[in-house]
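Subject: Structure for you, with notes

Hi,

Here is the structure I promised to pass on. Please have it open in your viewer while you read the notes underneath.

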Amino acid sequence: MLTRSTILRKSAMTTLAQTKEIFRSADAVCFDVDSTVIREEGIDQLAKFCGVGDAVTEMTRKAMGGSMSFKTALTERLCIIRCSREQVNKLITDHPPQLTPGIKELVARLQHGGVKVFLISGGFRCIVEHVASQLGIPLHHVYANRLKFYFNGEYAGFDETQPTAESGGKGKVISMLKEKYGFQKVVMIGDGATDMEACPPANAFVGFGGNVVRPQVKERCLWYVTSFGELHKELDKI
């Protein structure tokens, strides 16, 4: 006789199998960037570089845990950092983002199979574009926040009209991609609450804990991986 817990387990297993099948047959795969594609949180690195690391790291933790709205956290962190254009450029030159092991190979494999790859980030476009170039991802496949500077290079805020500046912004980008390109199966991969919230409209979500484990994501998502090698193995089944 099947118990309720067995039925629930079987249901979860079926859904996990469906999630993996969607990944194997995806039209498009969207990656978060900070702590997913790269090993660090870009805004924390920028804060550290500008000498205000501890205050900003704590706020990032709260934002990724979902305890404050993303836009509020972004605004408050940038008000603390107040980075100049020169500081941002120097950060990219002196401390370029470190790619997570296996991501370059995974992106190349997906692209070789005809899958469109996008980067959707709550981080900064100037940093994310550098990452995209390393991975061979077209810059028009990058969605991220834009920093604004005065003519003298001093910090002037950020573009609040970008969808990635808002909670739920990654989902808005995915909805737009589906409408624009006609994608039927879109997968979102990331470490944080804002990534998990993008499914739906994403058809599947893969939680990534290879750089940092966020308990609320690990507990709530169907498929959680700690290395990109696990995704490679799934593609081997095609």
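Below is what I found in it, going from the sheet to the helices, the cysteines and two single residues.

Before anything else, please keep in mind that this is a predicted model.

**The sheet**

The best place to start is the open sheet, which has six strands in the order β3-β2-β1-β6-β7-β8 with parallel pairing. The edge positions belong to β3 and β8 (223-225); each has a single partner strand, so one side of each is left without a neighbour in the sheet. From one strand to the next, the twist averages 20 degrees.

If you want to check the register, here are some pairs to look at. β2 and β3 run parallel and are joined by three bridges, and L119 has V142 in β3 as its bridge partner. On the sheet you will also find α8 packed, touching β1, β2, β3 and β6, with its direction at about 150 degrees to that of β2.

Further along, β6 and β7 are parallel too, with four bridges between them; M188 is partnered there with F205 in β7. Three bridges then link β7 to β8, again in parallel, and F208 pairs with V225 in β8. To get from β7 to β8 the chain passes through helix α10 (residues 215-220), and this β-α-β crossover is right-handed.

How many residues of strand β7 (residues 204-208) are buried? Five of its five are, so to speak: the strand is mostly covered. Side chains in a regular strand alternate between the two faces of the sheet. In β7, A204, V206 and F208 point one way while F205 and G207 point the other way, and all are buried.

**A hairpin**

There is also an antiparallel pair: strand β4 (residues 147-149) and strand β5 (residues 155-158) are joined by three bridges. K148 sits opposite G157 in β5. The two strands form a hairpin with five residues between them, and in the turn G153 has a positive phi of about 95 degrees.

**Helices α8 and α2**

Does the length of α8 fit an ideal helix or depart from it? With 13 residues (169-181) at 1.5 Å a residue, α8 should span 18 Å, and its end C-alpha atoms are 18 Å apart, which agrees. Its buried residues are G169, K170, G171, V173, I174 and L177. Residues three or four places apart in an α-helix point the same way, because there are 3.6 residues a turn. The cover over the buried residues of α8 includes β1 (28-31), β2 (116-124), β3 (142-145), β6 (186-190) and α9 (193-196). Just after the helix, G182 takes a positive phi of about 75 degrees.

Helix α2 (residues 42-49) has G42, I43, D44, L46 and A47 as its buried residues. A glycine follows here as well: G51 comes after α2 with a positive phi near 85 degrees.

**Cysteines**

In case you were planning to set up disulfides, the count comes to zero. C79 is in no disulfide, and the nearest cysteine sulfur to it, that of C83, is 11 Å away. C79 is partly exposed, at a relative accessible area of 45%. For C199, the closest cysteine sulfur is in C221, at 9.9 Å, too far for a bond; a disulfide would need the sulfur atoms within 2.5 Å. C199 counts as partly exposed, with 26% relative accessibility.

**Two residues to look at**

The first is K116, in strand β2. K116 is partly exposed, with a relative accessible area of 43%. Leaving aside neighbours within four places in sequence, K116 is in contact with D27, A28, V29, H141 and F183. From A55, K116 is 61 residues away in sequence and 37 Å away in space, C-alpha to C-alpha.

The other is Q134, found in helix α7 (residues 125-135). At 30% relative accessibility, Q134 counts as partly exposed. Q134 and K104 are 30 residues apart along the chain, and their C-alpha atoms are separated by 8.1 Å. With neighbours within four places left aside, the contacts of Q134 are P97, L99 and K104.

Happy viewing, and all the best!

Methods: Residues numbered from 1 in each chain as written. Predicted model: local features only at pLDDT ≥ 70, side-chain atom pairs only at ≥ 80, totals over all residues. Heavy atoms only, no water. Expected span 1.5 Å × (residues − 1). Buried < 20%, exposed > 50% of the residue type's maximum accessible area, 1.4 Å probe, protein only. Contact = heavy atoms within 4.5 Å. Pairing = 2+ DSSP bridges. Axes fitted to C-alpha atoms, helices over the stretch in contact; angles between N-to-C directions. Right-handed = clockwise from strand over helix to strand, strands pointing away.
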